[in-house]
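Here is a short report on a protein–DNA model. It takes the chain interface, then the two DNA strands, then one residue.

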There are 2 protein chains.
Amino acid sequence: MERQTTIKDIALALRLSTSTVSRALRDAPDVGEETRKAVKALAEELDYQPNKLALSLLKKQTNTIGLIIPNLDYVLATMVKGIDEVALEAGYTVMVCQSDESFGREIVNTKRLLDSLVDGFIISVSSETMIFEHIKKIQQKKKPLVLFDRTINSIAAPRVRLDNVEGGRIATQHLIDQGYKRIALLAGPENLNISNERMEGYLQTLKQNKIKVDKNLIIHCDFNQEYGKMATKELLTMKNRPDAIFAISDRLAIGALLAIKETGLKIPKDIGLVGFNNDPMTKLMTPTISSVEMFAFEMGKATAKIFLEMIHSETDMSDKEIIFKPKLFVRESSSRI
Amino acid sequence: MERQTTIKDIALALRLSTSTVSRALRDAPDVGEETRKAVKALAEELDYQPNKLALSLLKKQTNTIGLIIPNLDYVLATMVKGIDEVALEAGYTVMVCQSDESFGREIVNTKRLLDSLVDGFIISVSSETMIFEHIKKIQQKKKPLVLFDRTINSIAAPRVRLDNVEGGRIATQHLIDQGYKRIALLAGPENLNISNERMEGYLQTLKQNKIKVDKNLIIHCDFNQEYGKMATKELLTMKNRPDAIFAISDRLAIGALLAIKETGLKIPKDIGLVGFNNDPMTKLMTPTISSVEMFAFEMGKATAKIFLEMIHSETDMSDKEIIFKPKLFVRESSSRI
DNA sequence: TATACTCATGATAACGATGCCGGAAAGGGT
DNA sequence: ACCCTTTCCGGCATCGTTATCATGAGTATA
C-alpha cells in the first residue's frame with residue numbers, strides 16, 4: 001500500500017505552510033494567484049487526493065449510509081438499486097449488509113455499522129426481528145434512520161412503505177370478482193408487518209363481500225418457495241379445499257403453483273392464484289401468475305431521498321411517511337372469466 | 001448526532017491520562033489492576049466505543065472491502081453473499097457498488113472507493129469495460145485487488161473464475177450427444193472474457209465432433225432476456241434453422257425459450273436448449289431448462305478468502321488463480337433421447 | 001547507602017486535514 | 001510621516017486514538 005501524497009508533501013516541496021496549500025486547493029479567497037496555480041499544478045502532478053478519513057474525523061461525517069436488508073431477492077435488489085442511484089448522486093456511498101433473515105446477523109450488522117460511523121441508517125428488518133433494541137440504540141445515538149418496506153410501528157422514524165392493506169384488498173377482490181369462493185391465504189411470518197397488513201386487506205375484503213373467514217385457509221410460512229409448496233399441498237388435501245390462493249409473495253406463489261401442478265388441478269379453471277411483488281418470474285411461469293406490483297425501484301429512490309432530507313434538515317421528521325399504492329397485474333393464473 | 005464518549009472523557013473523569021486509559025482498555029501489560037478495572041467499568045457505563053475513524057487514520061487501514069459488480073442478478077447476488085459471509089467473519093465490511101453494466105459508472109465507483117480509502121478491491125467488470133486504466137490505477141496505489149467471475153487477462157492480479165471453456169464444452173457436447181446437429185450459440189458482448197471462453201469451448205467441441213462451424217449461428221448480444229428473444233427469433237427464421245441453442249446465460253436462454261414457444265416449435269423434440277448459471281428460474285420454466293452450474297456461493301467465498309490472504313501476506317500473489325469446474329444440470333429442454 | 005530495576009503512569013508526537021488568529025508586507029489616504 | 005486597510009501567508013489547536021519515550025515511586029541488590 002503506497003503512501004498517498006498529502007498536503008504536507010506539497011507544502012514542503014513548495015516551501016509553503018500546510019494551511020496555505022489547503023486553502024489553495026479549496027479555492028479559498030486569501031491565497032495569491034501564483035501560489036494557487038503552483039499548488040494546483042503540483043497537486044495534479046503528484047495525483048493528490050484529499051484523505052477522506054482525516055476529513056471525516058474532523059467533520060464527524062463520513063458520507064456513508066448503512067443499509068441493512070434481509071436478503072437480496074428481486075424486490076430488495078431493485079430497491080437497493082434505487083437507493084444506490086440517489087445516494088451516489090448526492091455523494092454518498094452505501095454499505096449494504098444482509099441480515100439473511102437472521103435476527104442475530106441483523107444485530108451484528110447494526111453494531112458494526114454503528115461504530116464504523118456511518119452517517120445514518122436505512123433498514124428493512126429481518127423476518128425474525130421482534131425486539132428492536134438495536135434500532136432504538138441507533139436513535140439514542142441520534143443517527144438518522146429511515147425504515148422502508150418492512151417497517152416497524154413501535155419505532156418513531158420516517159418510513160417508506162407500500163399500502164399493503166390495499167394490496168391485500170385488490171388481490172382478494174380480484175379473485176372474488178373472478179368467481180372464486182374459497183380463497184386461501186399464504187401469509188408470511190406472523191410478526192412481520194407487511195404480512196399482517198396484506199392479511200388485513202384480505203380479511204376486510206372477504207367481510208365486505210360477505211364471505212366467511214375460514215381460519216384453516218390461512219397459513220403462515222417463511223418466504224421460501226419450498227414452504228409455499230408444502231403449505232399449498234396441505235391446503236389441497238383438505239376435505240373442503242380452497243378454489244383460490246392469494247400468496248403474500250411471489251416466491252410463495254411459485255411454490256403454490258408447483259404444488260398445484262403436481263396435483264393435476266387446472267389453473268385458473270379449478271383454482272386461481274395471485275402473488276405479490278410482481279417479480280419478473282411471474283411472467284415466465286406457465287401459467288403466468290397474476291401479481292401485485294410494489295414499485296420497488298421508486299420506493300428505493302424515495303427512501304434515499306428522505307434519508308438525505310433527514311441528514312440535511314434539523315427538523316424532526318419522525319412522522320414522515322410515504323406510502324406507495326400497489327397495482328395488480330392480472331395474468332393467466334387468475335383469469336377465468 | 002450525539003457526541004460519542006471518548007477516551008478523553010474517561011481520562012478526565014478518572015483523573016488519568018489518555019494513554020493510561022487507552023492501555024487499560026486494550027489490556028496492555030503495564031497498567032495497574034485497579035485502574036484497569038475502574039477504566040473498564042466506566043467505559044461500560046458510558047457505552048464507550050472506540051472511534052474507528054481515528055483508528056483508521058492512524059493505522060492506515062479501514063477494514064473495508066470495495067466490491068464492484070455489474071449488477072445484482074442471481075449469480076452475482078449469490079457471490080456477494082459468499083463474499084459477505086467470509087468478510088464479516090474476518091472483521092471486514094463490504095462496500096458494494098453496482099456499475100449497472102456501465103463503464104462510466106464503474107469508473108466513478110472505483111474512484112470513489114479508491115479515495116474513500118477501502119483496504120482493497122474485489123471486482124467483476126461491466127460488459128462495456130474494454131479499457132482498464134481505472135483498474136491499473138488501483139494497482140499503482142498498491143491496493144490489493146482480486147478479480148472474480150468476469151476477469152481480465154491483461155491485468156496481473158489474483159483471480160477466481162469458472163473454467164468457462166469447459167462449461168462451453170460440456171454444454172455443447174451434451175447437445176451433440178442428444179443428437180442435435182446444428183447448434184446455435186447465443187453469446188454475450190464480444191469483449192467479455194466469460195463469453196469468449198464459453199464460445200471457445202463450443203467451438204472446440206464442434207471441431208472435435210467434426211461439425212462444421214457456421215458463423216451465422218453465432219449471435220452476440222447483451223445479457224438480457226429481450227435480446228435473447230430477438231436473437232432467437234432471427235435464428236429461427238433462417239432458411240436452415242438451428243436445431244439447438246446454447247445460451248451463454250440463463251437470461252438469454254429464457255428469452256430463447258419464449259421465442260421458441262411463440263413459433264410453436266417443440267422443445268426438446270424440434271429444438272434443444274441449454275443455458276448457463278443454473279439460475280433457480282431454469283427449474284421453474286416450462287419446459288425446465290438444462291443449465292451449467294457455476295457454484296457462485298463457493299466462488300464468492302473463495303474470492304474473499306484470497307482477498308484476505310492478499311491483505312495479510314506481503315508476498316506477490318498476482319498469478320494466483322482459482323478455477324472452479326462447472327457442472328451441467330440436464331433438464332427437459334435438452335433431453336430427447 | 002548508593003545502584004539498579006520494576007511497575008505504573010504521564011507527556012508528546014503522529015495520522016491528514018481544516019479553521020481561526022495573528023502578523024508581515026504593501027498600498028492608499030490624510 | 002502616520003495610520004489604516006488589504007493581501008497573503010504561517011502557526012497553532014483540533015478531531016480520537018496509539019506508540020514511543022520519559023518520569024516517578026517503590027523495591028530489591030550489592
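How many salt bridges are there between chain B and chain A? The count is 8, a salt bridge being a side-chain nitrogen of Lys or Arg within 4 Å of a carboxyl oxygen of Asp or Glu.

## Basis

This is a predicted model: local features need pLDDT of at least 70, side-chain atom pairs count only at pLDDT 80 or more, and totals for chains, interfaces and linings use all residues. Residues are numbered from 1 along each chain as its sequence is written, chains are lettered from A and ligands numbered from 1 in the order in which they are written, and side-chain values use heavy atoms, with hydrogens and water left out.

## Interface of chains A and B

On chain B, 54 residues are in contact with 54 residues of chain A; contact means heavy atoms within 4.5 Å. The two chains bury about 4,800 Å² between them, 56% of it on carbon and sulfur atoms. Buried area is the accessible area (1.4 Å probe) that two parts lose on being put together, summed over both.

One salt bridge joins B:K81 to A:D100, with the closest N and O atoms 3.4 Å apart. Between chain B and chain A, 17 residue pairs are in polar contact, both at pLDDT 80 or more. A polar contact is a pair of N or O atoms within 3.5 Å; within protein, one must be able to donate a hydrogen and the other to accept it, and residues adjacent in sequence count only if both atoms are side-chain atoms.

Elements of chain B that give two or more residues to the side touching chain A include helix 5 (74-89), strand 2 (93-98) and helix 6 (103-115). Helices (H or I, at least four residues) and strands (E, at least two) are DSSP runs, numbered from the N terminus. Helix 5 of chain B gives the largest share, 7 residues. By class, this side of chain B has 23 nonpolar, 14 polar and 17 charged residues. Ala, Val, Leu, Ile, Met, Phe, Trp, Tyr, Cys and Pro count as nonpolar, Asp, Glu, Lys and Arg as charged, and the others, Gly among them, as polar.

## DNA strand D

Around DNA strand D are 27 residues, of which A:T20, A:G32, A:T35, B:I7 and B:S22 come nearest. Near means that a heavy atom of the residue lies within 4 Å. Sugar and phosphate make up 68% of the strand D atoms within 4 Å of the protein.

The side chain of A:T20 has an N or O atom 2.5 Å from a phosphate oxygen of strand D. For B:S22, a polar side-chain atom is 2.6 Å from a phosphate oxygen. A:D30 faces a base instead: a side-chain N or O atom is 3.4 Å from a base nitrogen.

## DNA strand C

Strand C also has 27 residues around it, with A:I7, A:S22, A:R26, B:T20 and B:K60 nearest. Phosphate oxygens of strand C lie 2.8 Å from a side-chain N or O atom of A:Y48 and 2.7 Å from one of B:T20. B:S19 places a polar side-chain atom 2.9 Å from a base nitrogen.

## B:T172

B:T172 sits in helix 8 (residues 164-177) of chain B. Why does B:T172 count as buried? Its relative accessibility is 0%; buried means under 20% (1.4 Å probe, protein chains only).

The side chain of B:T172 reaches the backbone oxygen of B:G168 at 2.5 Å. Beyond four places in sequence, the contacts of B:T172 include B:I183, B:Y202 and B:F246.

Technical notes:
Buried < 20%, exposed > 50% of the residue type's maximum accessible area, 1.4 Å probe, protein only.
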